[in-house]
Amino acid sequence: MVSRRDALFATIAAAGGTLALKQSAEAAQRVPSHKGWDARYSGPEDAKAQPPAQPGTDYSPVWTPNGSTLPFTVVDGVKVFHLTAEEVDHEFTPGFRAKCWGYNGAVHGPTLEVAEGDRVRIYVTNKLPAATTVHWHGVFLPNGMDGVGGLTQPVIRPGETYRYEWTFKQHGTFMYHSHHDEMTQMALGLMGMIVVHPRKPSADYRVDHDVVMMLSEWLIPIGASRPNPNAMSEFNVLTINARVFPGTAPIVCKQGDRIRIRIGNLSAMDHHAIHLHGHYFRVTATDGGHVPDSAQFPEGTVLVSVGSTRDIEFVADALGDWPLHCHMTHHVMNQMGHGLPNLIGINGGPLGNQVQKLVPGYMDMGSTGMDMEGMQMQVPKNSIPMAGGPGQFGGITMGGMFTVLKVRETIGDRTKDPGWYKHPEGTVARKATAEELAKDGIVLKKAEPKTAEPKTAEPKKTP
Ligand SMILES: [Cu+2]
């Protein structure tokens, strides 16, 4: 049966004239090899554009924490988008900004959200001082739309506007990024996420909260106003959607919600092991498509390697404030956690000032680790302390690639922070009392007084 909308669209497409021709030319560029390999894959042979899918009606829109979704207009049945590459004064967390490169005034660019079968036309305007291109990472499209400077198109020079056009033939989580002077341009932030919804969502695709996360990394020397794109290691700003904790918006959900988090990684050099507390999840899709149900297995940590995406899904069944973070410990530290001299075991005490003269960068807190017991450390202008921010029980000693999954019995707006979890009486770890220790037979040894001479083992006699 042909719906009124389909008929309307067919009329518009016919009036457009060249669209059908363009699409048959595109379809001829790829053989339908995937059909039958994955039943969910609709395949590029279904190249015919469908009526533009509408958010809220044809799909449930995703949410990009600390970001936004790219708006579109519809012209003759084609969704028209406009990206402008430009310099952006970007805030990583309150008190810490840098001049980066982004799209439409944002770092990273807004999420490009469409549905399978959508015909899109994307204009890219270059307001950067250098030539650029946009590559649509993971997306099946005509070779000449792939956005690789020099290989598939001329570069977009400063001041120029280029036009990309194709029909989305697959669904899933993908990314877009500059594919010209990648080392510089991606290090400065030129990237964003692409979400393509299935045209006919089956029941198992239903989620209550569909969250988008781009992982990336930067080297921004303390006090510097721009990221250093020449870095190959020693990245000191590790971000989720270009924000560091405590500047990362929490993921808020109602107990029992089915959650999907679409994670993409366009870091320069590092993979990220994203770990979720209090829950397990399944990897349901990669940038190569849906993982068949029979191939999914439960996980607590997913490795998102550079240049890949992973969709994870789980039921948020446990109330509380649960960390979601990279498990590489240097990736949950901010600027000042890197490159410090090792002072573990050194008792600075009143000598701190003298040590400071001898050891550049010395700060007293280095001698037992990085915990500041929630104290706000004095930091240089436009920089962030090495670790996180205040929590309800003191300082949170993690920053960087860290956010919080907040599961509540009742919620309002999923995009608003509900504050810290109110723990039921008797469910929080606390200091043990002497009576409790005695009752459970725990005997604490008194610390032995320190001797001047360290004890050395008797040398073994050789027979
Ligand atoms: Cu990491």
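D146 is found in the loop between β6 and β7 (161-167); strands here are DSSP runs (E) of at least two residues, as helices are runs (H or I) of at least four, all numbered from the N terminus. The model is a predicted one, in which local features need pLDDT of at least 70 and side-chain atom pairs count only at pLDDT 80 or more, while totals for chains, interfaces and linings use all residues. Residues are numbered from 1 along each chain as its sequence is written.

Is D146 buried or exposed? With 19 C-beta neighbours inside 10 Å, D146 counts as partly exposed, because a buried residue has 20 or more other C-beta atoms within 10 Å of its own and an exposed one 12 or fewer, with C-beta atoms placed from the backbone. Neighbours within four places in sequence aside, D146 is in contact (C-beta atoms, placed from the backbone, within 7 Å) with H135, L141 and T152. H135 lies 11 residues from D146 along the chain, and their C-alpha atoms are separated by 5.5 Å.

Turning to the strands, β6 (135-137) and β4 (112-115) are the edge strands of an open, mixed sheet ordered β4-β9-β8-β6, where pairing requires at least two DSSP bridges between two strands. β6 and β8 (residues 172-177) run antiparallel and are joined by three bridges, with W136 standing opposite Y176 in β8.

For the wider setting, the protein has five helices and 23 strands. Buried residues make up 38% of its 463 residues. Among contacts with a separation of 6 or more, 73% are between residues 24 or more positions apart.

Notes:
Contact = placed C-beta atoms within 7 Å.
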